[in-house]
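Me: I'd like a close look at one part of this model, the surroundings of ligand 2. Please walk me through it slowly, and bring in whatever else helps to place it.

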Amino acid sequence: MLQMKTHYPDATRVETSHRHTLAIIVDNEPGVLARIAGLFSGRGYNIESLTVTETEHEAHISRITIVTNGTDSIIQQIRSQLERLVPVHRVVDLTLTGEAVERELCLVKVVGKGDHRVEAMRLASAFGARTLDATLTSFVYELTGTTDEVERFIKLMTAVGLVEVSRTGVAAMARGAEGIR
Amino acid sequence: MSETMTGAEMVIRALHDQGVEHIFGYPGGAVLPIYDALFHQDKVQHVLVRHEQGAVHAAEGYARSSGKPGVVLVTSGPGATNAITGLADAMMDSIPLVCITGQVPTHLIGTDAFQECDTVGITRHCTKHNYLVKSIEDLPRVLHEAFYVAQNGRPGPVVVDLPKDIQFKTGSYVRPLSNQHKTYRPTVKGDMEHIRAAVELMANAKRPVFYTGGGVVNSGPHAATLLRELVRLTGFPITSTLMGLGAYPASDTQWLGMLGMHGTYEANLAMHECDVMINIGARFDDRITGRLDAFSPFSKRIHVDIDPSSINKTVKVDIPIVGDCAHVLEDMVRLWRQNAHQADKVALKDWWGKIEGWRARNCLGFRNSNETIKPQYAIQRLYELTKDRKTYITTEVGQHQMWAAQYFKFEEPNRWMTSGGHGTMGYGLPAAVGAQLAHPDALVIDIAGEASIQMMLQEMSTALQYNLPIKVFILNNEYMGMVRQWQELLHGGRYSHSYSESLPDFVKLAEAYGGVGIRCDKPGDLDAKILEMINVNRPVIFDCLVDKAENCFPMIPSGKAHNEMLLNDYLGETGADIGSVIDEKGKMLV
Ligand SMILES: Cc1cc2nc3c(=O)[nH]c(=O)nc-3n(C[C@H](O)[C@H](O)[C@H](O)COP(=O)(O)OP(=O)(O)OC[C@H]3O[C@@H](n4cnc5c(N)ncnc54)[C@H](O)[C@@H]3O)c2cc1C
Ligand SMILES: Cc1ncc(C[n+]2csc(CCOP(=O)(O)OP(=O)(O)O)c2C)c(N)n1
Ligand SMILES: [Mg+2]
């Protein structure tokens, strides 16, 4: 038996984790997404959802929304580590700045006939989903909502013939009059 | 005024405009245009190394000893990948470097072209920032920005990957009015409210200690001057990490020696017992903290650091101050004076009394021998015989590195170059080449181990070519001593592959390179031979045959607290200094 002694100290702290949504304003330059995704994987942080698009074309600025999970000290580290990256302008923890508005969009394709088809239509209308495409045997629905709503919708649709899902991930914004740029 | 020139010429021009005098490099297909541009000028001197890793370490030694950024030039593919270890080393130890790598022409990127590799991808995690330059219009800005990013905020290595077609393209070069990045602006001035609170806390401290680090050296000589002023004003004890040695003079009475795993008893116990800890530019590395839940249990902590991610990373602090050491120290000194603060004299006297008690145990004591050279003794003699000169010390990694840190006394910053965070064997010889180039008249010594030295040995040839009279002082214990020590402690003394087999004859090796070889195996000959080494004005390899069994103490076994140090076995036998606290094995748990 090998002795399990090492020259590194043991882990000593146990804290509870929470879900946080971060808005990251960055220069939209080549490799910036790789830097951010690489930072998360390299340092062992979680990414639950990641959304990115250029938001100011003239200034080449993008906004990245990341939903992550960690203890308070890890979340603080994530922010500081992100702010160390040269193309990152600022990082805002939307979970800390007060309840943020969060939405994601999903597209689902369901295939079926008879009762399944009727039930799929009922569910879609109950959730307020839009029908984007229909054939005699299939529908493509669009639903915008919180992550929880989207999850519930997908779960229900699974029972009535869901064959494909595409989701955008979370877009988020703080409530109130103040803007982040 | 803009001038028309090729991309390759822009590289050299930008270096010159940045005040760069020396670069370390190795040619290859993807940088030939830059080498051609080098050929046509004499402003920037190119030092040809023998391996790209050597180029980066040489640039690190140059940078750390001079305070200027180090510059490296390597080719694509294998040139770039050979440089990786050096870049990772510079990243860990916050050394400002600009490394220019050649890349295949833009139209071939992504096609697995000859000597193509994804340099920006590979170096993303071991650089502070990197650039792939795809248009000649961007080149002047990127080159200057690279210097700004490397040097400002927490320093680090920056890679500029330059495809060969861009090196050939012609464009207009203007030196930008400012090198600044358009948005990257590190905070240098500390928050006054926090600084005020920190000074207040210091004034009321009963058992304070300064814990300083590499950040003071990064900040520049002015920070070291201010640190000395503040330490003297307050009368507090001071210890430093491996990376911060020299920022405070080791000869001073307030100096407790290095702290951490192989730090002194007094420094570690002061950290354990203190009520106020003032961390200036150190990053609570695990070699310092040991067990986090037992680390300095009674202290309120102040932490000055330019990088917010260093603050509260592993150790929670009470007063964080984000800023540059020199700026914050200046404010601290001013506030202390302005408010006519006085340390609590009575409490401080008590505290020093306790510290003197710890000091009296003489934790660095060792039993010397007339037959074999003790490695500690070798470093002591090296120090005594070189202390009146302008001496720069570099090291490899291992026991010899720790003995150098413990027994060589540094009085000035920038005189000590070692691989701390990455712990790269092979660092010391090329770093000595870089330091000697920056300080041609100084005495530059690489304190080495017989295993480490073989990792970058080829750089002897560089030293010869450029008449750099570096001294390689090998503490030859015929073991990867540090590994052997860990195997004794953790793996029942099973010395799996840690013996240095088939060693070369280092004296002949020195001679084969055209240098001077000296061997010493008797304590009585040591002084004369060290003097011989110092007095030849050529590169020397000094093969110092030392005790093969010696271990490096004091030591905090990992996972233990600062008050659970192991002290030197021999002290137990002599009993003179630590007497009854040592158990029969000579290991001490306080
Ligand atoms: C075999 C071995 C054994 C070791 N044992 C020990 C040991 O016993 N004791 C020990 O101390 N080390 C030891 N080390 C070294 C250790 O691994 C770390 O490298 C070292 O402790 C880190 O030093 P530091 O905290 O000063 O940080 P550095 O790595 O020097 O980091 C500097 C810190 O200062 C900040 N900073 C940079 N510039 C500025 C500025 N201008 N203003 C303000 N802040 C700034 C940075 O953000 C960073 O947080 C050992 C290494 C090896 C290889
Ligand atoms: C490149 C690299 N590989 C492996 C190690 C692990 N390591 C740390 S110290 C050491 C032994 C060094 O031996 P030597 O140079 O003889 O020094 P000594 O400890 O004997 O003084 C090794 C292998 C390292 N630090 N760097
Ligand atoms: Mg050895």
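To get going: which residue has a polar side-chain atom 3.1 Å from an oxygen atom of ligand 2?

Reply: That one is Glu450(B), whose polar side-chain atom sits 3.1 Å from an oxygen atom of ligand 2. Keep in mind that this is a predicted model, so treat every distance below as computed from it.

Let's stay with the polar contacts of ligand 2 for a moment. Tyr479(B) uses a polar backbone atom, 2.8 Å from an oxygen atom of ligand 2. Gly423(B) also works through its backbone: an N or O atom there is 2.8 Å from a nitrogen atom of ligand 2. On its own, ligand 2 has 590 Å² of accessible area, and the protein covers 77% of it. As for secondary structure, H16 and helix H19 (481-490) of chain B are the elements that put two or more residues into this shell. H19(B) gives the most, three residues.

Zooming out to the whole shell, 17 residues surround ligand 2, and the closest are Gln399(B), Gly423(B), Ser452(B), Tyr479(B) and Gly481(B). By class, that shell breaks down into eight nonpolar, eight polar and one charged.

Now for the metal, where Glu450(B) and Tyr479(B) turn up again. The magnesium ion (ligand 3) is coordinated by two OE atoms of Glu450(B), OD1 of Asn477(B) and the O atom of Tyr479(B), at 2.1 to 2.7 Å. So what links the two sites on the protein side? Glu450(B) has a polar side-chain atom 3.1 Å from an oxygen atom of ligand 2 and also serves as a donor to the magnesium ion. Tyr479(B) plays a part in both as well, with a polar backbone atom 2.8 Å from an oxygen atom of ligand 2 and its O atom on the metal. Along the chain, the donors of the magnesium ion follow the spacing E-x26-N-x1-Y. Asn477(B) and Tyr479(B) are both buried.

What about the geometry? The six donor atoms around the magnesium ion subtend angles of 51 to 174 degrees, so the arrangement comes out irregular. For reference, ideal angles for six octahedral donors are 90 or 180 degrees. To count as octahedral, six donors need opposite pairs over 155 degrees apart and all other angles between 65 and 115 degrees; the 51 degree end of the range here falls outside that.

It helps to set this beside ligand 1, which also sits against chain B. Of the 37 residues around ligand 1, Gly214(B), Thr241(B), Asp305(B), Ser310(B) and Asp324(B) come nearest. Its polar contacts draw on both backbone and side chain. A polar backbone atom of Gly214(B) lies 2.7 Å from an oxygen atom of ligand 1, and a polar backbone atom of Cys325(B) lies 2.9 Å from a nitrogen atom of ligand 1. From a side chain, Arg154(B) places an N or O atom 3.3 Å from an oxygen atom of ligand 1. Taken alone, ligand 1 exposes 990 Å², and the protein buries 95% of that. Helix H9 (214-219), helix H12 (286-289) and helix H16 (399-407) of chain B each give two or more residues to this shell, with H9(B) making the largest contribution at four residues. By class, the shell of ligand 1 holds 13 nonpolar, 17 polar and seven charged residues.

H16 is worth a pause: it is among the elements giving two or more residues to the shell of ligand 1, and it appears on the list for ligand 2 too. After H16 comes a loop, leading to strand E16 (416-417) of chain B, and Asn414(B) sits in that loop. Asn414(B) has a positive phi, near 70 degrees, despite not being a glycine. At 14% relative accessibility, Asn414(B) counts as buried.

One last stop along chain B is helix H17 (residues 428-438). Of its 11 residues, 10 are buried, so the helix is largely enclosed by the rest of the structure. Among the buried ones are Leu429(B), Pro430(B), Val433(B) and Gln436(B).

Key. Residues are numbered from 1 along each chain as its sequence is written. Chains are lettered from A and ligands numbered from 1 in the order in which they are written. This is a predicted model: local features need pLDDT of at least 70, side-chain atom pairs count only at pLDDT 80 or more; totals for chains, interfaces and linings use all residues. Side-chain values use heavy atoms; hydrogens and water are left out. A residue is near a molecule or strand if one of its heavy atoms lies within 4 Å of it. A polar contact is a pair of N or O atoms within 3.5 Å; within protein, one must be able to donate a hydrogen and the other to accept it, and residues adjacent in sequence count only if both atoms are side-chain atoms. Accessible areas come from the Shrake-Rupley method with a 1.4 Å probe; for residues, only the protein chains shown count as cover. Ala, Val, Leu, Ile, Met, Phe, Trp, Tyr, Cys and Pro count as nonpolar, Asp, Glu, Lys and Arg as charged, and the others, Gly among them, as polar. Donors are N, O and S atoms within 2.8 Å of the metal (3.2 Å for Na, K and Ca); water is not among the atoms, so sites may look incomplete. Four donors count as tetrahedral if all angles lie between 85 and 135 degrees; four count as square planar and six as octahedral if opposite donors are over 155 degrees apart and all others between 65 and 115; anything else is irregular. Buried means under 20% relative accessible area, exposed over 50%, partly exposed in between (1.4 Å probe, protein chains only).
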